[in-house]
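Me: I am in my first year and still learning to read models of this kind. Please take one helix contact as the starting point, look at it closely, and then lead me from there to the rest of the fold.

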Amino acid sequence: PHPVALAPASPVITRHLCGARSQRKIATMAEGDEKPTFDWLPEGMESLADGEYDAIVMGTGLKECVISGLLSVNGMKVLHLDRNGYYGADCASLNLTNLYKKFNAGEPPSELGTNRDYNVDLIPKLIMACGNLTKMLLHSKVTRYLDFKQIDGSYVYKGGKVLKVPATPEEALKSSLMGLFEKRRFRKFLIYIDQYEADKPDTHQNRDLSKMTMRELYNDFGLQPDTHEFISHAMCLQLDDAHLDQPAAATVKELQVYCYSLARYGTSPYIYPVYGLGGLPEGFSRLCAIHGGTFMLNRDIDEILYDESGAANGVKAGNEMAKAKMVIGDPSYFPKDKVKATGQVVRCICLLNHPIPNVNKCESVQIIIPGPQVGRKNDIFICSLTKSHEVSAQGVYIAIVSTKVEKSQPEDDIAPGIALLGHVMQKFTSVATTYEPVADGSSDKCFISSSFDGTSHFENDCDDMLSLYKRVTGKELDMTINADSVEADY
């Protein structure tokens with residue numbers, strides 16, 4: 001079954017979804033149906049769906065679907081719109097024909113297989129097994145709609161070679177990333193990280209990580225700068241070196257999540273949904289609809305409406321209007337004065353007929369190239385997926401290279417990553433400008449998510465989702481849930 005629900009050409013109102021991937025009831029408003037009327041409707045205008053809502057959400061990207069799902073669980077009445085005829089927005093999963101069509105690449109060769117074999121993610125990202133996105137999935141019970149499989153390996157590029165990231169004391173002693181004495185120091189460092197608990201001073205070994213910087217902590221264990229680099233970039237998933245001179249506590253927590261996630265699954269700390277990431281926004285959409293949310297695909301808006309104080313209070317689409325206490329959405333739905341550009345991300349989807357070389361024949365992997373290793377500021381990310389995750393036909397490997405644009409030719413930015421892939425059958429390259437909101441939404445009631453970044457994981461995007469949830473509700477999302485297993489259902 002394909003995870004992305006494709007709607008017919010006319011707007012569809014989805015009122016309830018139930019069951020796993022199948023069973024869903026889609027209600028369309030037939031011509032002649034009585035629409036509710038309101039005093040605030042101008043003459044000649046009709047209500048959009050039910051007319052009045054607590055929140056209107058625009059775009060069915062993952063962040064927006066997470067928010068609409070959580071809001072509806074909290075008892076809010078939600079209207080969710082998308083200009084596209086499918087769930088997922090920029091993070092949709094496409095079949096083979098739609099992939100070639102999106103990139104104007106003509107007809108796909110027959111030897112690649114059929115559409116039903118492919119669920120290619122436009123913004124592929126791996127999920128940290130015990131990270132915040134897993135907690136959100138468990139918190140909302142969306143895990144019951146999805147199946148996950150682990151990623152085979154996690155690698156880092158160093159000195160012209162692709163090497164496995166060690167994340168256990170035993171693995172550290174075998175790693176070719178370091179010399180003999182450095183291995184022992186690294187092992188000692190990992191043991192310290194494993195036993196450290198912020199609220200138990202007897203585990204601190206006279207180190208105050210709220211004051212000691214990460215650089216000082218590395219130096220305290222005698223670790224070399226090369227080791228700092230691969231721990232920070234490949235394990236703590238830091239994007240640059242600013243964290244080195246900040247208090248170590250936050251980075252140590254990220255390292256613990258990595259190591260804990262790896263301990264859960266053994267081969268790598270990452271998991272990925274079977275049938276691709278398109279199932280994630282669809283799962284949260286299902287959650288929203290079960291709690292009374294209304295979904296309209298193939299429905300763009302003409303403008304956001306504001307009250308006298310400048311606060312958003314609804315949307316207009318053609319001759320239809322809906323009112324709400326707030327408007328939430330991705331940057332593409334808002335006027336340019338509400339968002340600011342933060343840079344550009346280049347992504348290259350590559351179809352291979354072989355596993356990526358030099359990764360011990362792992363079929364699904366993440367490789368991080370720390371920027372300084374190839375004369376860059378920003379890291380380059382590579383992830384590879386296969387038939388085992390039901391994203392491609394048997395024998396076809398999907399590798400994605402992504403990074404933040406630094407050069408005048410974006411192809412030059414990803415070149416070090418492409419060079420590691422071996423023979424590429426077909427490449428699909430895109431460059432996207434990333435945006436973030438200029439305000440937090442408290443005054444204008446426009447709550448805007450930030451664009452997905454250029455990494456191959458969700459950790460920074462989860463921070464944005466948690467921030468968006470707090471801005472919308474005024475409360476922190478409870479993240480104390482145990483993320484030991486995505487199989488949990490309670």
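Which residues in α5 meet which residues in α7?

Reply: Before the contact itself, please keep in mind that this is a predicted model, in which local features need a pLDDT of at least 70, side-chain atom pairs count only at pLDDT 80 or more, and totals for chains, interfaces and linings use all residues. Residues are numbered from 1 along each chain as its sequence is written, and side-chain values use heavy atoms, with hydrogens and water left out.

On the α5 side the residues are E182, F186, F189 and L190, and they meet T227, F230, I231 and M235 in α7; contact here means heavy atoms within 4.5 Å. Sorted by class, this contact has six nonpolar residues, one polar residue and one charged residue. For that sorting, Ala, Val, Leu, Ile, Met, Phe, Trp, Tyr, Cys and Pro count as nonpolar, Asp, Glu, Lys and Arg as charged, and the others, Gly among them, as polar.

The geometry can be added to this list of residues. Helix α5 covers residues 180-195 and helix α7 covers residues 225-235, and the two pack at an angle of about 45° with their axes 12 Å apart. Helices (H or I, at least four residues) and strands (E, at least two) are DSSP runs, numbered from the N terminus. The axes are lines fitted to C-alpha atoms, for helices over the stretch in contact, and angles run from 0 to 180 degrees between N-to-C directions. Angles under 35 degrees count as roughly parallel, over 145 as roughly antiparallel, 65 to 115 as roughly perpendicular and the rest as oblique, and α5 and α7 are therefore oblique to each other. Their crossing is right-handed, a term used if the near helix is turned clockwise from the far one by less than a right angle, whereas an anticlockwise turn makes a crossing left-handed.

Helix α5 also has a contact with α8, the helix of residues 249-265, where the axes come within 10 Å and cross at roughly 95°. The pair α5 and α8 is therefore roughly perpendicular. In this contact F189, L190 and I193 in α5 meet V252, L255, Q256 and C259 in α8, and the classes are six nonpolar, one polar and no charged residues. If you select F189 and L190 in the structure, you will find that both appear in the contact with α7 and also in the contact with α8.

A further helix pair gives you another arrangement to set beside these. The axes of helix α1 (residues 62-73) and helix α9 (residues 279-290) come within 8 Å and cross at roughly 20°, and α1 and α9 are therefore roughly parallel to each other. The crossing of α1 and α9 is left-handed. On the α1 side the contact involves L62, C65, V66, S68, G69, S72 and V73, which meet L280, P281, F284, S285, L287 and C288 in α9; nine of these residues are nonpolar, four are polar and none is charged.

Turning from helices to strands, you can trace an open sheet of seven strands, with mixed pairing, in the order β11-β10-β19-β20-β21-β18-β22. Two strands pair if DSSP finds at least two bridges between them. At the edges lie β11 (161-164) and β22 (426-437), each of which pairs on one side only, and neighbouring strands of this sheet are turned by 20° against each other on average, direction ignored.

Starting from the β22 edge, twelve bridges join this strand to β18 (residues 339-352), and the two run antiparallel, with I349 standing opposite F428 in β22. Strand β18 is also joined to β21 by eight bridges, again in the antiparallel sense, and here C350 stands opposite A399 in β21. Strand β21 (residues 397-404) pairs in turn with β20 (residues 380-385), antiparallel and over six bridges; in this pair S384 stands opposite A399.

At the other edge, β10 (residues 153-158) pairs with β11 in the antiparallel sense over four bridges, and Y157 stands opposite V162 in β11. These two strands form a hairpin with two residues between them, and G159 in the turn has a positive phi of about 60°.

A last point concerns confidence, for which pLDDT is the predictor's value for each residue, from 0 to 100. The mean pLDDT of the protein is 88, and 92% of its residues reach 70 or more. Over residues 1-32, however, the pLDDT is below 50, although this stretch has 88 contacts in the model beyond near neighbours in sequence.
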